[in-house]
Amino acid sequence: MSSVKVENLKKIQKQEAVNGISFHVNSGELFCLLGPPGAGKTTVLRMIAGLERPDEGDIYLEGELINDVPPGERDVAMVFEDMALYPHMTAYENIAYPLRLRRVPRQEINRKVREVAENLRISHILNRLPQTFSGGELRRVAIGRALVRRPRVLLLDQPLTDLDAKIRQQMTGELRRLQTEVDQTMMYATHDFEEAVTMADRIMVINEGQEEQLDTPEELYDRPRTPLVAGLVGNPAMNILSCQSKVFDNQLILEHPAFRLAMPNIPDNQLPKEILVGIRPEHIAFSKGKESILATVDIVQPLGDQQIVDLRLEDGTVIKIVAPLEMELTIEEKIRIIVPRNRIVLFDGSQHTRIDLERSVRDDNEA
Amino acid sequence: MEAISEAKTKQGLLFTLGRHLNRESVFKLSLVAPLQLLLWFLLIIPFIIVIYLSFVKWQPVFGSWTEAPWVWFENFQKLFTEIRFLEALGRTLAIVVIAVTLEFIFALGLALLFTRNFFGKRLFTSVILYPMMLPWVVVGFIFYLLFLDHGLVNSILTTIFGATATISWLRHSVPAMSAIILGDVWQWTPFMFLLLYSGLSALPSEPKEAAMTLGATPWQIFRYVTFPSLKPVILIAIIIRALEAFKIFDLVFIMTGGGPGTATETLSIYIYQIGFRFGQLSYAAALAIVILITVSIVTRLAVRPLFEKEG
Amino acid sequence: MGNAEGKDRGILLELCGLQKEFDGFVAVEGLDLTIVEGEFICFLGPSGCGKTTTLRMIAGLETPTSGEIYLRGRKINDLIPQQRGVGLVFQNYALFWHMTVYDNLAFGLRIRGVSREEMDKYVKDVAERFELESLLNIKARRLDLSAMQRVAVARTLLTDPYLLLFDEPLNNIRPGLREILRAELKRLQKELNRTMIYVTHDQEEAMTLGDRILVMNAGKVEQLDTPRQIYLHPRTLFVADFIGRPSMNFMETEYEMKGEKISFKWNGFSFNIEKKDLDVEEKHLKGKKLIVGIRPEHILLADEAEKGGISAEPLSAMVDLIQPLGAKKIIDLKSGDHMVKMVSSSEYSFKRGDRISVIFDPRRIHLFDPKDGRVIL
Amino acid sequence: MRERSSGRVSAQVALPKRRRWLRWGAHWLIVLVVLLFFAMPVVWLLSVSFKPPQEWQAFPPTVIPRGPTLNNYLLLVNPELPKGSASYMLRVTEPVTKSFINSLIIVPIATLISAMVGFLAAYGVSRYRVGGDFMPFFVLTTRMFPPVAFAVPLLVYYQNLRLIDTRLGMIIIYAGFTVAFSLWMMKGFIDAVPRSVEEAAILDGASRWRVLFTITLPLVKGGLAATALFVFILNWTEFLYALIFTSTRSITVPVQLSHYVGAVGRFYGPQAALGVIASIPAVIFGYLIQRHLVTGFSFGLIRK
């Protein structure tokens, strides 16, 4: 039975509002809330923890309705964005505090704290005060304090955002390993898609308090349901170009000022006038072929073993492509590119939802 | 007193205890209860009494204040026709305006002098702070001592300008007033300096450095960047000092006792004499109400910008 | 709008032996740098490596302990910031918060006594280029972050400085918007052909923006080169580790010469590389131990390498953790109790626990001297 | 972009040697004058307090007393000096010890009450905005009213409750009229404690009272001490209420000084001595919390 279940959660307020979110988290799963800042991720966590009361909707913890259970008695632990360690207590006292409140006998507290400290490799700083800790140590002690009492669910509110990239990457790996070893149900909120895809079994993308898509990392990348999800997952973000759709001798023609795309088959249902064409920079290839599109190099940004190139199409729209580092590209150079049709994702211009052409289009090209 | 009555409705919490007694609101209420108790005892009940007193004709001499005859607005009429009250008000406002302006000019000068740090700066800043910590009566006594006929000031004057240059400071109204103002300036300039200096050093350094790289001279930096961003602090300093100076009592009481005659009598001295020396309590009550209303309105108007800034 | 000296790229700024000490702590040590007209230089390094102090010395906000600064051939050490003709955009923009956007932009001109109409014209056309026309009479403190950044840059440009300095201006802008503003800045630099120095601790930002990057660490220069060179041929261990995400794998290995091959032993796994592939002479290889560095992108699947004609000893390792970043996957491989990071394209799907065999691309191996971290290859 | 502007900033060569020396001299002159202006009055008080009667108004005035004596201080403690002593003092009204004892009982207790009540209310205002945003303003105005205006109704009220000339009466007044300062200063210190630390403790299972006393209070200890010291200074130096509400049994030090100046006439030595003693506690505590004086006096609106 699922560890956390949330039905039609609503909290109407100026910032970080939540209107109508439902999902369930299986026990032992690492469930991630991904969304731009202010999307409402933190409010969802705070309502589950009991720090805020929902205007509407129910929250179940292991099947039991906990809307009116006070935060202290929900057996829910949370790692806050600013870690919220008790500044006047040593790391040992910080981690032992929840156990002391539950009147756990002294030697057992000692054993449990030492064990968690071993697990998180912070035994050497147990009797020092938080202000002497490095970024990484702060996170580990905060996680230790939350984990020591084996809560029914552990909530993490974007704990790694202001670490610099190197330590952040290290911490994401460590947290994922720890989660699987300890088999602790966790909910992780972040606006950084790289953290999300590293950690999560399933990710729920949220924007303006509503669910955009709930899926595994690979699904989000391959079949984004809305342009927002497509833009959020993947760096550099997916190019979104708006085209007019026309049907011409049973072929779907996507008309864009700078190019025309012919899609072999037409879906039976009615097609919207404006269609957004989504293509990931890494899928755009160089080709001199007849269907290729002319573009001029605007900016070249070398990054690792690739370079991100901004291309200006004839009508001025700018799209990004990824080219290997070895390729020599100079500003204002003219090149021709091609958009592989099996990699395109189409979105309805007005409702911003993905349009699925028959599966056939994808399968035959792939073979 | 609209300020106080509005408080009663807002503080209705105390009476609707039963409404939602869950743990959270009991906690909130018990935090504020002691404060409510204290304020009720010291402010709200006495306030009701002062309103009653001001509409009654009574002196402690006439026996119990509950049977005193109602005279409605007689006390208030007497008030506005009373020359001595208007003079006292005038003198108080004069002291407030002159003292606060002098303090502001000295304090701003000192604060700017201190922007460049120099040897002994920390020591110097702490030395000049002690006057505002002194009991006001001691400051009153010191300046009484200085401005006596054979006091230090007169001795210095005679050594410099010769024997005839003494002024009997405390016996004539203008010299006495200036002595009192000097006392207030001496005690409270450090406070104004501390406020302005903290405000000045709290200003971020980047805008000044940016102005430098954009080519501004030190004077232009002060005029266009430093001074404008210091305005809120200046406003706070002046308002607080003006309201404090309006209450002046100890300095005057010790130095001249309001004398000679009523030449240096400020508002607080006047009410003290009328109410507590001559026992005209109901007239003093009317006085108190007029002052409470005016000060409350002035405070609300003057303090509003602060709250907007802070809110 | 070329500069007065015509197209030949004359030297604009020269730093000679620049040194700065704060009571015992050496913030900047012996920095020599020459910057050409119209160049975009990035100062890159962890916080506290002296990059901002150097910037402030060039702007005149800090005085160097020793060393000279020449701007357009003239020594400017003793000049106060006002006289240097150097513009600085601060990290939190240092706008005049109590003034409107118009007054912020016009500040530089107003204090130079430029006439009202002339000032108005300049401000209007800069505001239009930076899309600030609609914000001209809004107070600076009410602007959103990206508008603040544009006002800060525009205000500095209006004083027509010879050299434009940036102190991590995109630091507190959220990802997504940051990439857009970065591209805008790069486009602006190319269009105005202005010489710029850009300080950042984000290696991605430096790689994408800088024509050349000065990598600093604890006050010393680690390397000064183009982004490509720094990525492909890091001169020290620090640069190799600091540049590139995910960062380079480092392995302490013992090596011995075996005829034409050099064999490296690393925790029970030994691989040998043709001496001809490593263009390194014998004499450099002093001592027994060597640090071998290989970027995760340069670890290839054994069978894929075969197709590509690259031959090397295959290493079999277990997949420990997968990071599906969309276009590519970052895979943590475990061999014995050592971890190695590898990047593979997303077509291959692995599960935790799979055993795969990979090879280190010999053309991309870096050798570092364990003692001083300097590169040998 | 426009071409290089001709109007370059006027070249301002660094100050020549001579002008810099002149500015340095003027600077030190001002510092000296200011120092003299602020230090001199208290130096004169001290010197008079150690001078024998004949030097009190001697001309020319001397800062260092020729014949320093401790009589003035001894006189304060036991007014009947032995017959042979040099001073031919009238019998002084009463020993000062009584007023010091009163002050040392009234002021600390009132300060403690004010600080604790202020702390609890500040926590309510800071965390739950109890009483809306009117509460802070209302408490502020109690401080802004001229005290004499409040004394009028209080006198009548205190007579009925027979609190006139009692230590309890004074304690209540001093606690009540400084609670505004305590609330404002403590609110500043409590706001500095991040809410997430308290929420973490609540999630760990601590009750709200436990969070208040084991998490928030330890983190604001410093602030509470500073607030208490600040309120102590306000109460120790207060004069008007003490003058009105005490007569003989529970007079405080400032009232004693005012009686002294009036009753004893031109005996400036002992008066100066009492002035010195009365100032010592206030100045000591003042320097202990020098950093927080700004926050206190400016109601927390300006923070050092």
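This note comments on a predicted model, taking its chain contacts, its domains and one helix in turn.

1. The interface between chain D and chain B involves 77 residues of chain D, which are in contact with 83 residues of chain B. Looking at the chain D side of this interface by class, one finds 58 nonpolar residues, alongside 16 polar and three charged ones.

2. Chain B is divided into two parts, with domain 1 covering residues 2–54 and domain 2 covering residues 91–310. Where these two domains of chain B touch, domain 1 supplies five residues and domain 2 supplies seven. Helix H2 of chain B, residues 23–54, provides the largest share of the domain 1 side, namely four residues. By class, that side of domain 1 of chain B has four nonpolar residues, one polar residue and no charged residues.

3. Chain C is also divided into two domains, of which domain 1 is made from the segments 11–95 and 143–242, while domain 2 runs over residues 249–368. The centres of these two domains of chain C, taken over C-alpha atoms, are separated by 36 Å.

4. Helix H6 of chain D, residues 167–191, allows a simple check of length: because each residue should add 1.5 Å, its 25 residues should span 36 Å, and the 35 Å between its end C-alpha atoms agrees with this. A student inspecting H6(D) should also look at Thr178(D), on which a kink of about 40 degrees is centred.

5. How many of the 25 residues of H6(D) are buried? The count is 22, so that H6(D) is described as mostly covered.

Definitions and conventions: Residues numbered from 1 in each chain as written. Chains lettered and ligands numbered in written order. Predicted model: local features only at pLDDT ≥ 70, side-chain atom pairs only at ≥ 80, totals over all residues. Nonpolar A, V, L, I, M, F, W, Y, C, P; charged D, E, K, R; others polar. Domains from an automatic or database assignment. Helix = DSSP H or I, 4+ residues; strand = E, 2+ residues; numbered from the N terminus. Expected span 1.5 Å × (residues − 1). Bend = angle between axes of the 7 residues up to and from the residue. Buried ≥ 20, exposed ≤ 12 C-beta atoms within 10 Å, placed from the backbone.
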